[in-house]
Amino acid sequence: MEQKEFWRLVESMGTEPDDDAFGRLADELATRQAWEILAFEDQLASALYALDTRDHARAARARGDWFLYVRCAAVSSGSSIYQQVLADPKELRRFARREAEPLLYVAMKAYERSTGDAWTHESPVSYESGSNVAGWGVVLSASCGPDWARVWVSASSGGFRWA
């Protein structure tokens, strides 16, 4: 799925989607081939990953899962607003009291409805808060592994807690 199609689908929900809008998006995706649903998920993960930075977290005054949900709200507002937030982390502040967690489950619901199979897909990048180690200013050697990045983010951010 091309970025243009990803954003067309996201923008079909409007700039402040409610639960029904997320449901309609899942319904639309469920009519597509499995590879398209997986590609939608990968585009979403990439967009959320790009917003996973120390500057964005500070601007939103959000931590952990709430920071993820705030980033979802920015993505669900469409390409133009997303690009503004990506370029200027302070723009994320307007989403600090808004969340769009249901966006995280759209592709999974669509895939399971469309294929009848359980969701097992993992995107090439993680959208979990703290996963974008470069966005948090972390330089790690390849031998450290992803868990070290999470420990570093936890210790340096003064509040992230990882299970």
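**An all-helical chain and its salt bridges**

I will start with a single residue: Glu28 has a relative accessible area of 31%, which places this side chain in the partly exposed class. One caution before going on: this is a predicted model.

Glu28 matters for this talk through its partner. The side chain of Glu28 forms a salt bridge with that of Arg32, at 3.1 Å from N to O. Arg32 has further partners. With Glu5, the side chain of Arg32 makes a salt bridge at 2.7 Å, N to O. That pair links distant parts of the chain, with Glu5 in helix α1, residues 3–11, and Arg32 in the loop between α2 and α3, the latter being 34–50. The two residues are 27 apart in sequence. Arg32 also meets Glu36, again side chain to side chain, at 3.6 Å from N to O.

How exposed or buried are these residues? Arg32 counts as buried because its relative accessibility is 14%, under the 20% cut-off. Glu36 is buried as well. Glu5 is partly exposed, at a relative accessible area of 23%. In general terms, side chains of opposite charge can pair when their charged atoms come close.

Put together, this is a network of salt bridges that links Glu5, Arg8, Glu28, Arg32 and Glu36. For the whole structure, the search finds six salt bridges.

Now the overall picture. What is the secondary structure of the protein chain? There are eight helices and zero strands. Along the sequence the pattern reads α-α-α-α-α-α-α-α. The protein chain has 163 residues, and buried residues make up 44% of them. Taking contacts between residues at least 6 apart in sequence, 71% join residues at least 24 apart. The accessible surface of the chain is about 8700 Å², and carbon and sulfur atoms account for 48% of that surface.

Next, the charged surface. Which residues form a negative surface patch? Asp18, Asp19, Asp20 and Glu99 do. Of these I will single out Asp20, which sits in helix α2, residues 19–30. Asp20 is classed as exposed because its relative accessible area of 53% is over the 50% cut-off.

The last region concerns two loops. Arg93 belongs to the loop between α6, residues 79–87, and α7, residues 106–115. At 36% relative accessibility, Arg93 is partly exposed. What does Arg93 touch, leaving aside residues up to four places away in sequence? The answer is Ala59, Ala60 and Arg61. Arg93 can also be compared with Ala57: they are 36 residues apart in sequence, and their C-alpha atoms are 9.0 Å apart in space.

Arg61, one of the residues touched by Arg93, lies in the loop between α4, residues 54–60, and α5, residues 64–76. Arg61 is exposed, with a relative accessibility of 67%. What is notable about the backbone of Arg61? Phi is positive there, about 55 degrees, although Arg61 is not a glycine. Most residues other than glycine have a negative phi.

To close, two places to look at on the screen. One is Arg32, buried at 14% relative accessibility and part of the salt-bridge network with Glu5, Arg8, Glu28 and Glu36. The other is Arg61, with its positive phi and its contact with Arg93.

Definitions and conventions: Residues numbered from 1 in each chain as written. Predicted model: local features only at pLDDT ≥ 70, side-chain atom pairs only at ≥ 80, totals over all residues. Heavy atoms only, no water. Patch = residues over 30% accessible without salt bridge, like charges linked within 9 Å, V, L, I, M, F, W, Y side chains within 5 Å. Areas by Shrake-Rupley, 256 points an atom, 1.4 Å probe, with all protein chains shown as cover. Salt bridge = Lys/Arg side-chain N within 4 Å of Asp/Glu carboxyl O. Lys, Arg positive; Asp, Glu negative; His and termini not counted. Charge placed at Lys NZ, Arg CZ, Asp CG, Glu CD. Helix = DSSP H or I, 4+ residues; strand = E, 2+ residues; numbered from the N terminus. Buried < 20%, exposed > 50% of the residue type's maximum accessible area, 1.4 Å probe, protein only. Contact = heavy atoms within 4.5 Å.
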